[in-house]
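Okay, thanks everyone for squeezing in. I'd like to walk you through cysteines, salt bridges and a cavity, so let's get the thing up on the screen.

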Amino acid sequence: MKVGLLYSRIRRDEKLLLSELRERDHEIEKIDVRKQQFNIHEAPEAFEDLDIVVDRCLATSRSVYATKFAEAYGVPVVNGPEVADTCADKVNNSLALEAAGVPTPNTDVAFTKDAALESIEKFGYPCVLKPVVGSWGRLMAKIDSRSAAEAILEHKETLGHYEHKIFYVQEFVDKPGRDMRVLAVDGEPIAAMVRSSDHWLTNAAKGAETNEFELDDRALELVEKASDAVGGGLLGIDLMEVGIDEESGEFEDYTVHEVNHTVEFKALNEVTDVDVPAKVVDWLEQKAATETDAEVTA
């Protein structure tokens with residue numbers, strides 16, 4: 001199998017993936033999107049004879065456009081541009097989950113400071129303001145008062161980029177100091193971890209404590225539904241427990257607050273007994289074989 005890897009920086013996640021591919025004697029074409037030119041008529045040399053392309057771009061814009069070209073060149077790509085477009089934009093993400101009947105936090109989108117303030121007041125304090133595009137918990141704000149809301153909205157309104165003028169306001173989910181990250185391929189979980197922190201943000205990138213998590217039947221159901229909602233592929237699906245009884249610690253259900261398309265898995269690989277990169281490569285091999293069989297049949 002000849003694998004093309006779209007990247008802009010080789011992180012620990014990509015090193016794990018590359019190491020596993022090399023151990024299995026797969027041929028690898030590393031494609032640095034910062035140095036590549038994508039022609040609309042003819043595929044660049046780097047895309048010749050590829051069996052599959054894996055998108056590991058850091059920047060959302062590069063991810064969406066590079067995968068569009070890979071698809072146009074007739075090369076199977078994971079994850080595809082439609083999945084990237086749905087997952088990278090929180091508005092698209094929320095709409096896809098809602099349309100599929102996946103429980104997800106209630107959300108308003110507003111285009112002016114005054115309209116956003118009305119949404120915040122409607123949800124009550126605290127509530128959460130998020131950028132429509134972003135990762136690692138950056139530029140997210142838990143708003144505890146009207147004065148804080150006014151200040152944050154004014155700051156966002158004066159920032160230059162148009163995305164800051166799309167106000168994504170979400171109800172605050174009072175989770176028990178943790179959430180769950182599930183790595184799944186086409187809705188089938190590879191491994192899962194719980195991320196715990198005293199901070200309201202429980203991202204591993206922000207230093208949350210991570211431990212292996214065993215999925216129950218409801219979580220398995222929601223992982224599959226959330227994956228289908230965004231188009232499938234190699235995804236990171238984030239869940240939170242809701243409706244928690246303070247005395248017993250039991251909870252009523254999960255809510256899916258996000259699906260990630262260029263998911264990082266190094267932290268997960270460290271806390272679970274599962275060989276995560278091996279499972280990912282197993283899936284890539286199956287995906288490439290299926291595409292090859294389909295071409296032969298056609």
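Quick bit of vocabulary before the cysteines: I'll say buried when a residue has under 20% relative accessible area, exposed when it's over 50%, and partly exposed for anything in between. And keep in mind that what you're looking at is a predicted model.

So, cysteines. Cys 57 comes in at 2% relative accessibility, so that's a buried one. Cys 127 is at 0%, so buried too. How many disulfides does the structure hold? The count is 0. For Cys 57 you can see why: the closest cysteine sulfur belongs to Cys 87, and it's 15 Å away, which is too far for a bond. The cut-off here is 2.5 Å between the sulfurs.

Okay, on to charges. Side chains of opposite charge can pair when their charged atoms come close. Searching the whole structure turns up 21 salt bridges. Let me pick out a few.

Start with Arg 11 and Glu 264, whose side chains meet at 3.9 Å, N to O. This pair ties together distant parts of the chain, 253 residues apart: Arg 11 sits in the loop between strand S1 and helix H1, while Glu 264 is in the loop between strand S13 and helix H8. Arg 11 is buried at 9% relative accessibility, whereas Glu 264 is partly exposed at 25%. And there's a network of salt bridges around them, linking Arg 11, Asp 13, Glu 14, Arg 56, Glu 264 and Lys 266.

Next one: Asp 108 with Lys 122, at 2.6 Å, N to O. Again the pair links distant parts of the chain, with Asp 108 in strand S5 and Lys 122 in helix H5, 14 residues apart. Asp 108 is buried, at 17%, but Lys 122 is exposed, at 54%.

Then there's Glu 20 with Arg 24, at 2.8 Å, N to O. Glu 20 is buried at 11%, and Arg 24 is partly exposed at 25%.

Last stop, empty space. The search finds 1 cavity of 30 Å³ or more, and the space in it is about 40 Å³. Which residues line it? Going along the chain, you've got Val 54, Asp 55, Arg 56, Val 78, Asn 79, Leu 234 and His 261. By type, that lining splits into 3 nonpolar, 2 polar and 2 charged. Notice Arg 56 in there: it's a lining residue, and it's also part of that salt-bridge network.

That's my tour, over to you.

Definitions and conventions: Residues are numbered from 1 along each chain as its sequence is written. This is a predicted model: local features need pLDDT of at least 70, side-chain atom pairs count only at pLDDT 80 or more; totals for chains, interfaces and linings use all residues. Side-chain values use heavy atoms; hydrogens and water are left out. On a 1 Å grid over the protein atoms alone, a cavity is a set of points where a 1.4 Å probe fits but cannot get out, and a pocket is an open set with protein on both sides within 12 Å along at least five of seven lines; lining residues have an atom within 4 Å of a point. Grid points are joined across faces, edges and corners, and a volume is the space filled by probe spheres set on the points. Ala, Val, Leu, Ile, Met, Phe, Trp, Tyr, Cys and Pro count as nonpolar, Asp, Glu, Lys and Arg as charged, and the others, Gly among them, as polar. Buried means under 20% relative accessible area, exposed over 50%, partly exposed in between (1.4 Å probe, protein chains only). A salt bridge is a side-chain nitrogen of Lys or Arg within 4 Å of a carboxyl oxygen of Asp or Glu. Helices (H or I, at least four residues) and strands (E, at least two) are DSSP runs, numbered from the N terminus.
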